[in-house]
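This report walks through one protein model, from its overall make-up to individual helices and residues. Please keep the sequence and the structure at hand while reading.

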Amino acid sequence: ACLLQEPDLRNALVVCAEGPSRVTDPKDRLVRVFFGDASGATVLTKTPGPDGLLGYDLGNSPSPQVALAGQALLNRQDPAAQGAAGPYLTMDGPTVWQEATTRVPKSLAAALDASGVELADVSGFALHQANLRLIEHIAQSAGADMAKVAVTVDTLGNTGGASPLTALWRLAEHGLAKAGDGIALGAIGAG
């Protein structure tokens, strides 16, 4: 979206890809089973007038309860060099839940406020697809109608950073993301 602020650029290709099978412990049934590898892409086009990107909210809150995979795994070195923490992604589920259920609804509200769009005028919500309970909780906290919230976690698993775009695809598939529709995207992640 920031790229489209440049006067000479007309289109921006947004690509999100996630390959958690490379950074999760194959023996860890508490983390690995919830993730799926995926990618998604969309093209944003600069438009005159009131259409296009209307508002956004970005933020971060680093947490020691969510740790990315160690450098040994990412660089294909000896994982034993990682020490007690190990080379794999780790997370504390309750902390992740608290962060997601607090921050995503606030971020959606801030983006809608910045855009001047009312919640009722949003045609569809493409949210981070961690798990169905989390999606439902975020939607309820944000005041969104679940009929307008795309769900892909039931078929693709938690596809991390790619999930808002897989959810956008699902909205389009169900006729909830057509030209002129207001769509809200919301995500949270470990990286």
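Contact, as the word is used here, means heavy atoms within 4.5 Å. With that cut-off, the buried residues of helix H5 pack against strand S1 (11–18), strand S2 (38–45), strand S5 (124–127), helix H4 (153–156) and strand S6 (183–186). The model is a predicted one.

## Overall make-up

The protein holds 5 helices and 6 strands, and from the N terminus on these elements follow the order β-β-β-α-β-α-β-α-α-α-β. Of its 191 residues, 31% count as buried, while the protein exposes about 11500 Å², of which carbon and sulfur atoms supply 54%.

Among the contacts in the protein with a separation of 6 or more, 65% are accounted for by residues 24 or more positions apart.

## Helix H5 and its surroundings

Why can H5 be called largely enclosed by the rest of the structure? The description holds because 8 of the 11 residues of H5 are buried. The buried residues are Ser-163, Pro-164, Leu-165, Thr-166, Ala-167, Leu-168, Arg-170 and Leu-171, and the elements against which they pack include strand S5 and helix H4.

Just after H5, Gly-175 adopts a positive phi of about 75 degrees. In the loop between H5 and S6 lies Ala-179, which at 84% relative accessibility counts as exposed, because exposed residues have over 50%. The C-alpha atom of Ala-179 is separated by 9.5 Å from that of Asp-51, although the two residues are 128 residues apart along the chain.

## Two polar residues within H5

Arg-170 belongs to helix H5, which spans residues 163–173, and with a relative accessible area of 13% this arginine is buried, since the limit for that class is under 20%. The side chain of Arg-170 makes a polar contact of 2.9 Å with the side chain of Glu-173. When neighbours within four places in sequence are left aside, Arg-170 is in contact with Ala-150, Val-151, Thr-152, Asp-154 and Thr-155.

Thr-166, also found in helix H5, counts as buried at 7% relative accessibility. Its side chain is joined to the side chain of Thr-152 by a polar contact of 3.1 Å. Not counting residues up to four places away in sequence, Thr-166 touches Ser-39, Thr-152, Leu-156 and Thr-159; Thr-152 is thus named among the contacts of Thr-166 and among those of Arg-170.

## The packing of H2 and H3

Two packed helices are described by the angle between their axes and the distance between the axes. For helix H2 (residues 93–115) and helix H3 (residues 132–142), the angle is about 40 degrees and the axes are 9 Å apart. H2 and H3 are therefore oblique to each other, because an angle under 35 degrees would be needed for them to count as roughly parallel. H2 passes H3 in a right-handed crossing. On the H2 side the contact is made by Trp-97, Ala-100, Thr-101, Val-104, Pro-105 and Leu-108, and on the H3 side by Arg-133, Leu-134, His-137, Ile-138, Ser-141 and Ala-142.

## Leu-112 and Asp-113 in H2

Is Leu-112 of helix H2 buried or exposed? With a relative accessible area of 14%, Leu-112 is buried, whereas Asp-113, likewise found in helix H2, is exposed, with a relative accessible area of 65%. Leaving aside neighbours within four places in sequence, Leu-112 is in contact with Val-117, Leu-119 and Val-122.

Both residues also have C-alpha separations to residues elsewhere in the chain. Leu-112 and Ala-184 are 72 residues apart in sequence and 8.0 Å apart in space, C-alpha to C-alpha, while the C-alpha atoms of Asp-113 and Gly-55, 58 residues apart along the chain, are separated by 7.8 Å.

## Phe-125 in strand S5

Phe-125 is found in strand S5 and is buried, with a relative accessible area of 1%. Apart from residues up to four places away in sequence, Phe-125 touches Leu-119, Ala-144, Lys-148, Val-149, Ala-150, Leu-171 and Ala-184. One of these, Leu-171, is among the buried residues of H5. The C-alpha atoms of Phe-125 and Pro-164 are separated by 8.9 Å, with their positions 39 residues apart along the chain, and Pro-164 is likewise listed among the buried residues of H5.

Conventions
Residues numbered from 1 in each chain as written. Predicted model: local features only at pLDDT ≥ 70, side-chain atom pairs only at ≥ 80, totals over all residues. Heavy atoms only, no water. Helix = DSSP H or I, 4+ residues; strand = E, 2+ residues; numbered from the N terminus. Buried < 20%, exposed > 50% of the residue type's maximum accessible area, 1.4 Å probe, protein only. Polar contact = N/O pair within 3.5 Å; in protein donor to acceptor, adjacent residues only side chain to side chain. Areas by Shrake-Rupley, 256 points an atom, 1.4 Å probe, with all protein chains shown as cover. Axes fitted to C-alpha atoms, helices over the stretch in contact; angles between N-to-C directions. Parallel < 35°, antiparallel > 145°, perpendicular 65-115°, else oblique. Left-handed = near helix turned anticlockwise from the far one by under 90°.
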